[in-house]
Amino acid sequence: MKQIIIVLLSIILLIVGFNLYHNYKRFHSPGSDYVSTQKIDSNYHDPTTVLNYHQAIEDLNGYVRLSWANNDVDVRNPDNNSEDTKAIVAVYTKKLAAVKWYEDRLIQSSKMKKEG
């Protein structure tokens, strides 16, 4: 009888450990944060644009973590279609659009500086 209980407890412990590890790796992996792969113009003529770009990236990454921790919603790959999830994903897409707008502007400036 003791052996059956030990085996069941081991299986339960393995399942719980796997789920905790999976959730940890999901949002602590290198791919969980937004990182620009493009070469931006750090010496843009308006330094507030560069500052706003970096703030927008940090705001986006923080929102991804908070929506997962507080609301249990993965904004990058939502798994249900409730109204709360749709509202959270809509805010995420607005934040991502702001980041992309700043990024496009700074990439274009970098290309124009290279061309002369």
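Buried means under 20% relative accessible area, exposed means over 50%, and partly exposed covers what lies in between, using a 1.4 Å probe and protein chains only. The views below come from a predicted model, in which local features need pLDDT of at least 70 and side-chain atom pairs count only at pLDDT 80 or more, while totals for chains, interfaces and linings use all residues. Residues are numbered from 1 along each chain as its sequence is written, and side-chain values use heavy atoms, with hydrogens and water left out.

**View 1. Tyr-53 is a buried residue of helix α2.** Helices here are DSSP runs (H or I, at least four residues), as are strands (E, at least two), and both are numbered from the N terminus. Tyr-53 counts as buried because its relative accessibility is 2%. Contact means heavy atoms within 4.5 Å. Beyond its neighbours within four places in sequence, Tyr-53 is in contact with Ser-36, Ile-40, Val-99, Tyr-102, Glu-103 and Leu-106. One of these partners, Tyr-102, is 49 residues from Tyr-53 in sequence, yet the two are 5.5 Å apart in space, C-alpha to C-alpha.

**View 2. Helices α2 and α3 cross at roughly 155°.** Here you can follow α2 (residues 47-71) and α3 (residues 83-115), whose axes come within 9 Å. The axes are lines fitted to C-alpha atoms, for helices over the stretch in contact, and angles run from 0 to 180 degrees between N-to-C directions. The crossing angle makes α2 roughly antiparallel to α3. Angles over 145 degrees count as roughly antiparallel, under 35 as roughly parallel, 65 to 115 as roughly perpendicular and the rest as oblique. The crossing of α2 and α3 is left-handed, a term used if the near helix is turned anticlockwise from the far one by less than a right angle, with clockwise being right-handed.

**View 3. Side chains of several classes line the contact of α2 with α3.** Among the α2 residues that meet α3 are Thr-49, Val-50, Tyr-53, Ile-57, Leu-60 and Asn-71. The α3 residues that meet α2 include Ile-88, Tyr-92, Lys-95, Val-99, Arg-105 and Leu-106. By class, this contact has 14 nonpolar, four polar and four charged residues. Ala, Val, Leu, Ile, Met, Phe, Trp, Tyr, Cys and Pro count as nonpolar, Asp, Glu, Lys and Arg as charged, and the others, Gly among them, as polar.

**View 4. The largest nonpolar core has 18 residues.** Such a core is a set of buried Ala, Val, Leu, Ile, Met, Phe, Trp, Tyr and Cys residues joined through side-chain atoms within 4.5 Å. Tyr-53, Val-75, Tyr-92, Val-99 and Leu-106 have the most contacts inside this core. The elements giving two or more residues to the core are α2 and α3, and α2 gives the most, with seven. Apart from neighbours within four places in sequence, Leu-106 is in contact with Ile-40, Asp-41, Tyr-44, Thr-49, Val-50 and Tyr-53.

**View 5. Tyr-34 sits in the loop between α1 and α2.** With a relative accessible area of 17%, Tyr-34 is buried. Not counting residues up to four places away in sequence, Tyr-34 touches Ile-57, Leu-60, Asn-61, Leu-96, Val-99, Lys-100 and Glu-103. The C-alpha atoms of Tyr-34 and Asn-77 are separated by 14 Å, with their positions 43 residues apart along the chain.

**View 6. Ser-109 of helix α3 is in contact with Asp-41 and Tyr-44.** Those contacts leave aside neighbours within four places in sequence. Ser-109 is buried, at a relative accessible area of 11%.

**View 7. Leu-20 and Glu-58 are exposed.** Leu-20, in helix α1 (residues 2-28), has 58% relative accessibility. Glu-58, in helix α2, has 54%.
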